Amino acid sequence: MAGIAILLDLYQKKPSFCSPQSFHSSGLFSASAAAASAAATVAAGTPFASRFLFGYPKVSHCDAGAVLPEHYISNTQRSSEDFFKNDALKYSVKEYKIELKPLFSAFELRPFALTTLRSFLLFYLPLLEPSLNIEEDAEDFPHDSTEERRVDLVVPLKKSVKQIIRETTVVTTRRILERLAVIYVSQRMAWKLLKDVPKSAVRKSQRGMPATVYLFRVSRTTFRGHLLGVTAAWIVQTGIEIYRCFSRITNSDESDEANVTVRAKLLGKKISGITIRCGASLIFASIGAGICATLFRPSVGQWIGCAAGDLAGPIIVSVCLENVFHVDL
């Protein structure tokens, strides 16, 4: 390039210099000049290690922007803006929207009505079975049937009221734990603890995962979403047992150390049993939710599996401990 520039410069100053006659007749363009121009051309592209042979040539940079048209620059800017907009939409930061339920949501009309109905059915349905048996045996023993038909309805009523109070307390305690999680836990973890698990199972089913991966992820999500509920139940049940223990100690006539030690050991055993049952409930609910969400519809299957595991987990663990380790929970 340097040799071509020298030739063009000589041609502008003296056009007759580059004519065929001047190439042959003139002594200015000799072999030494050609060699110098070739050396300059090679030196312009030589690496750093070869510069001691050719020195340090000066390299001139051309301004390519002056040759480009105006619409090319505007189109380039517009395309770069579109690229960054699309890239920002594609790789946007994930937002964790946390929706807290009301603190006293357990006392709303629908949840409170369902809790009341479930509690009364739990304690009054067993009373129907003896009455049916009495009606069947009334023909054989007509005189004794009137005495056996008398059923105490006050005790189931008290148990139902206690169950309603217990369930509403558990739900309210969970709402308090949710607010504590939002305050003291990271936003991402709080979102995982408070997310709607059936809707999450539906979203996971639309991603085309393998069955084993889907089962594992639904179980993990159920474990996180069910954790605060199980923790609230553990707190309420432990509080009830502690209250019973202290009330029995204070109301009993014997206030010696032996009685206190026995009550304390009994309290520790009951708290251990509550912990084991709550842990079994959490684990079996997570596994059942994953299995049912895989076999059936994601949302309904997850809910059914979670409820079934929550009920069956403590029973299975209690039976296994009683039969294998002879431990009464």
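Which residues does S281 touch, not counting residues up to four places away in sequence? The views below come from a predicted model, and the opening one takes up this question.

**View A. S281 and the residues around it.** Let's start inside helix α13, which covers residues 257-295 and holds S281. Not counting residues up to four places away in sequence, S281 touches H226, G309, D310 and P314. The relative accessibility of S281 is 6%. Since buried means under 20% relative accessible area, S281 counts as buried.

**View B. C245 beside R263 and L267.** Here we move to helix α12, where C245 lies. Once its neighbours within four places in sequence are left aside, C245 is in contact with R263 and L267. R263 is 18 residues away from C245 in sequence, and the C-alpha atoms of the two are 6.5 Å apart in space. With a relative accessible area of 10%, C245 is buried.

**View C. A nonpolar patch on the surface.** Now for the outside of the model: L215, F223, I283, F284, I287, I291, L295, F296 and I316 make a nonpolar surface patch of about 790 Å². Two elements, α12 (211-251) and α13, give two or more residues each to this patch. Of the contributors, α13 gives the most, with five residues.

**View D. I316, one member of the nonpolar patch.** This view picks out I316, one of the residues that make the nonpolar patch. I316 is found in helix α14, which runs over residues 298-325. Is I316 buried or partly exposed? Its relative accessible area is 38%. Buried means under 20% and exposed means over 50%, with partly exposed in between, so I316 is partly exposed.

**View E. A patch of positive charge.** Another surface patch brings together charged side chains: K199, R203, R207, R217 and R220 gather here in a patch of positive charge. Helices α11 (197-205) and α12 each supply at least two residues of this positive patch. If α12 sounds familiar, that is the helix in which C245 lies, and α12 also gives two or more residues to the nonpolar patch.

**View F. R203 within the positive patch.** To finish, here is a closer look at R203, one of the residues in the patch of positive charge. R203 has its place in helix α11. At 39% relative accessibility, R203 counts as partly exposed.

Terms used:
Residues are numbered from 1 along each chain as its sequence is written. This is a predicted model: local features need pLDDT of at least 70, side-chain atom pairs count only at pLDDT 80 or more; totals for chains, interfaces and linings use all residues. Side-chain values use heavy atoms; hydrogens and water are left out. Helices (H or I, at least four residues) and strands (E, at least two) are DSSP runs, numbered from the N terminus. Buried means under 20% relative accessible area, exposed over 50%, partly exposed in between (1.4 Å probe, protein chains only). Contact means heavy atoms within 4.5 Å. Patches are made of residues with over 30% relative accessible area and no salt bridge: like charges are joined within 9 Å, nonpolar side chains (Val, Leu, Ile, Met, Phe, Trp, Tyr) within 5 Å. Accessible areas come from the Shrake-Rupley method with a 1.4 Å probe; for residues, only the protein chains shown count as cover. A salt bridge is a side-chain nitrogen of Lys or Arg within 4 Å of a carboxyl oxygen of Asp or Glu. Lys and Arg count as positive and Asp and Glu as negative; His and the chain ends are not counted. The place of a charge is taken as NZ of Lys, CZ of Arg, CG of Asp or CD of Glu.
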